[in-house]
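Thanks for sharing this one. Here are my notes as numbered points, to be read with the structure open beside them.

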Amino acid sequence: MAGLIQRTAESIDEMSRSIWDDSSQLEKAVIVVFLLVTGLAIPVVPIVIVARAVAN
């Protein structure tokens, strides 16, 4: 079970890094506005933060 949690966290971390790190400033602004407008920032941001902590 711990291995599954670790792999899931690594996948989330890898996905968020590939989206965020490869984006321009305008693309990042659009992503942030989209998350805030749709209300997805509330669940998405903590999930990514926890996943990065678990992956490392």
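1. Let me begin with one residue in this predicted model. Isoleucine 5 counts as partly exposed, because its relative accessibility is 46%, and a residue has to be under 20% to be called buried or over 50% to be called exposed. You will find isoleucine 5 in helix 1. From its C-alpha to that of serine 24 is 31 Å in space, with the two positions 19 residues apart in sequence.

2. Isoleucine 5 also has company on the surface. Together with Met1, Leu4, Val50 and Val54, Ile5 makes up a nonpolar patch whose accessible area comes to about 500 Å². Which elements give two or more residues to this patch? They are helix 1 and helix 3.

3. Now for the overall layout. The protein has three helices and zero strands, and reading along the sequence gives the pattern α-α-α. Helix 1 covers residues 2–21, helix 2 covers 25–38 and helix 3 covers 41–55. Along the principal axes, the C-alpha atoms fill a box of roughly 35 × 25 × 15 Å.

4. How much of the protein is buried? Of its 56 residues, 14% are buried. The area that the protein exposes is about 4,300 Å², and 71% of that area is supplied by carbon and sulfur atoms.

5. Helix 2 offers an example from the exposed class. Leucine 26 is found in this helix, and with a relative accessible area of 63% it is exposed, because the value is over the 50% cut-off. Between the C-alpha atoms of leucine 26 and threonine 38 there are 18 Å, the two residues being 12 apart along the chain.

6. The charged residues deserve a careful look on your screen. In general, side chains of opposite charge can pair when their charged atoms come close. In this structure there are two salt bridges. One of them joins arginine 17 to aspartate 13, with 3.0 Å between the closest N and O atoms. Both of these residues belong to helix 1, where they sit four residues apart, about one turn of the helix.

7. The other salt bridge links arginine 52 with aspartate 13, and here the closest N and O atoms are 3.1 Å apart. What does this pair tie together? Arginine 52 is in helix 3 and aspartate 13 is in helix 1, so the pair connects parts that are 39 residues apart in sequence. Through shared partners, the salt bridges join Asp13, Arg17 and Arg52 into one network.

8. Are the members of that network buried or partly exposed? Aspartate 13 is buried, because its relative accessible area of 9% falls under the 20% cut-off. Arginine 17, at 34% relative accessibility, counts as partly exposed. Arginine 52 also counts as partly exposed, at 25% relative accessibility.

9. Next, the empty space. As a rule, rolling a probe the size of a water molecule over the atoms shows where empty space is left. The largest pocket here has a volume of about 430 Å³. Its lining has 15 residues, and those closest to the pocket centre are Ser16, Trp20, Leu35, Val44 and Val48. Helix 1, helix 2 and helix 3 are the elements that give two or more residues to this lining.

10. Which helix gives the most to the lining of the largest pocket? Helix 3 does, with seven residues. By residue class, the lining divides into 13 nonpolar residues, one polar and one charged.

11. To pull a few points together: helix 1 and helix 3 both contribute to the nonpolar patch, and the salt bridge between arginine 52 and aspartate 13 ties parts of these two helices to each other. Helix 2 comes in at the lining of the largest pocket, together with helix 1 and helix 3.

Definitions and conventions: Residues are numbered from 1 along each chain as its sequence is written. This is a predicted model: local features need pLDDT of at least 70, side-chain atom pairs count only at pLDDT 80 or more; totals for chains, interfaces and linings use all residues. Side-chain values use heavy atoms; hydrogens and water are left out. On a 1 Å grid over the protein atoms alone, a cavity is a set of points where a 1.4 Å probe fits but cannot get out, and a pocket is an open set with protein on both sides within 12 Å along at least five of seven lines; lining residues have an atom within 4 Å of a point. Grid points are joined across faces, edges and corners, and a volume is the space filled by probe spheres set on the points. Ala, Val, Leu, Ile, Met, Phe, Trp, Tyr, Cys and Pro count as nonpolar, Asp, Glu, Lys and Arg as charged, and the others, Gly among them, as polar. Patches are made of residues with over 30% relative accessible area and no salt bridge: like charges are joined within 9 Å, nonpolar side chains (Val, Leu, Ile, Met, Phe, Trp, Tyr) within 5 Å. Accessible areas come from the Shrake-Rupley method with a 1.4 Å probe; for residues, only the protein chains shown count as cover. A salt bridge is a side-chain nitrogen of Lys or Arg within 4 Å of a carboxyl oxygen of Asp or Glu. Buried means under 20% relative accessible area, exposed over 50%, partly exposed in between (1.4 Å probe, protein chains only).
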